[in-house]
Amino acid sequence: MSDTVRQDQQDQQDQQKLESFDPATGDVVGVHAVDDAASVEAAVARARASAAWWAGIGFDARAEVLGQWRAVLTRRMAQLADVVHAETGKPHADAQLEIGLAIDHLAWIGAKAEKVLGRHRVSPGLLLANHSASVEYLPLGVVGVIGPWNYPVFTPMGSIAYALGAGNTVVFKPSELTPGVGVWLADSLREVVPDQHLLQTVIGWGETGTALCRADIDKLAFTGSTATGKKVMATCAENLTPVVIEAGGKDALIVDEDADLDAAAEAAAWGAFSNAGQTCIGVERVYVHEKVADDFIGRLSERARAVHAGVDAEAKLGPMTMSSQLEVVRSHVDDAIARGGRAVVGGPESVDDRFAQPVVLVDVPEDSLAVTEETFGPTVVVNRVGCMDEAVEKANAGKYGLGGAVFSGRRGAEIARQLRSGMTSVNAVIAFAAVPSLPFGGVGDSGFGRIHGADGLKEFTYAKAVTRQRMKPVLNLTTFERTEEQDTLFATMLTALHGRASQIGKRPLRERVAAVRERRRG
C-alpha cells in the first residue's frame, strides 16, 4: 500500500471523528463520531417513529416525564457543569447558573403546557351563534434544533424543552465546540425514557447542520450568527421547513441621570464581561446621560479592573471558547481607538491567543465596528448623551434588536418601551431570560420567532380550529337556497352590528381619538 493511499485513508478516518477541546489548554476532552446525511436521516426517522407516542400520551404524562428529567438534571448538575466547563472554559459556577435556569424553565413547561396549548372554547360570534368553536395547539411532529457553544445548555434547552413540552420529538445538533454537552443531555433523557427516541443528538460541522435542515423535520430552531442564520433559512426553504432564528445582538444599556449608578455599573460589568463577553444578550453599548457620565465610567472602570480572565482560582472569566473570536475582539478595539475612542480600562494588549481581559472604551464614534457590529467579547463602549431621546435614537440605530436594559429612577418603563428590541430589563440586565413565562427573541438582524413562555410553546405547534353546529341556524348563510329576504335580513343585521362604528364623523380623526381616550379615562 502506497504512502499516498495510507494518508488518504487516514484523512478519511480523521474526517469521521470530531474532537472537542479545552479552550484554556488545547487538550482534547472528547472524541465523537460525525453524523453524515444518512445518519441524520436515520435519527429523524427514529424521532418520527416516537413522535406519535409522545404526542399521544397527553399533557399529564409528558409533564411527569419532563419532571423526572428535571430531577436527573438537578441531581447531576455538578457532572453536567464539568462537561460545560471542559468544553467552553467557563467557570463551574457560571456553568451551574445556566443549568439551573434551564431546570427552572423545565418546571414551568410541565406546569403550564396544558393551560397554554390545551383545547379551549372561543366565542363563535352572533352570526354563527348556533355553533360552538374551539381551538387547540397540536404538536408539529419532529423538531430540529441547532444550538450554540456559548451557553450550550440554557440556550438550546429554550428550544428543546419547549418543543418537547408541546409534544414533539427533537433531533439536536450542538455546536462542534460543545458536542459532549449535547450528548450528555440526550443520554440523561434516555435514562428516563429508554425505549423511545425523544431527544437525539447528531454531531458534526456545518455539513451535519445542513443535513438536518434538509431532513424530514417539521420545524428547525437555530441559534447562532446572523450570517449562518441566513444560510439555515435558505436551506430550510428548499423543503418549506419553517424556522425560528435567534441570531446576533448588539444590546444597549441606557443610564438616565437619576439612575442608581452603583447598580447600573455593577449590571453593566456583569452584562459586558460575564462568560468572557460571549453572550448574545450581553451589554456591548452603554449610553449614559452626560450629567452622570464621568461618575458612571469611574464606577464601571473600577469593577472592570477587579475581574480578570484566566485559569487561576481568582479568575471570574474563562478563555474565549472559539479562538477565532479573539481576532474579532482585537480588531474592534483597534478600530475604536483608531477612530478617536479611548480605552480607560485595557486596550489592544488585553487580547492574547486564548484570553481576553475586560476593555472599557469611551467616546467611540457611532460608525465604528465596536458600536455597529457584534463583538462577542469582554468589551463595552460607553458613550455620553445629552438626553434620553438621544440615547434611544442611538440604541435603535443599529441593525440588531435582541435585548437591552434601562437604568432610571422615574422613566425606566417609558424608555424601555421605546427600544426596538424583543426584550428589555429595567434596573437590571438579562433578567428577562430568567423569567420562564416571558417570550425570548429579537427583531431585525437578531432574528424572528420566539422561545420561552406561552409564545415559545406555541412556536412548536400548529393551531387547530374546530366549529360544531349545535342547532339549526335561524339564518342559513351557506346554502344555494338562500332567499332574497334572507339576504336583506343579513344586510340589516350587519348594519345594526357594525354600521354605526364605521360612520365617518365630521371632526378630524385626531380629535375623535382624543375623545375616545378621554371617555376611557372617565
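Which residues form a positive surface patch? Select R119, R121, R468 and R470, and you have it. Patch members have over 30% relative accessible area and no salt bridge (a side-chain nitrogen of Lys or Arg within 4 Å of a carboxyl oxygen of Asp or Glu); like charges are joined within 9 Å, nonpolar side chains (Val, Leu, Ile, Met, Phe, Trp, Tyr) within 5 Å.

A quick note before moving on: this is a predicted model, where local features need pLDDT of at least 70, side-chain atom pairs count only at pLDDT 80 or more, and totals for chains, interfaces and linings use all residues. Residues are numbered from 1 along each chain as its sequence is written, and side-chain values use heavy atoms, leaving out hydrogens and water.

Now zoom in on R121, which sits in strand β3 (residues 120-122). Strands (E, at least two residues) and helices (H or I, at least four) are DSSP runs, numbered from the N terminus. R121 counts as exposed because its relative accessibility is 66%; the cut-offs are under 20% for buried, over 50% for exposed and partly exposed in between (1.4 Å probe, protein chains only).

Next, pick L126, L127, L128 and L497: they make a nonpolar surface patch of about 350 Å². L128 is in the loop between β3 and β4 (131-139), and at 41% relative accessibility it is partly exposed.

Then go to S274, in the loop between α10 (261-273) and β11 (285-289). Is S274 buried or exposed? Buried, because its relative accessible area is 5%. Leaving aside neighbours within four places in sequence, show its contacts (heavy atoms within 4.5 Å): A269, T279 and L317.

Conventions:
Accessible areas come from the Shrake-Rupley method with a 1.4 Å probe; for residues, only the protein chains shown count as cover. Lys and Arg count as positive and Asp and Glu as negative; His and the chain ends are not counted. The place of a charge is taken as NZ of Lys, CZ of Arg, CG of Asp or CD of Glu.
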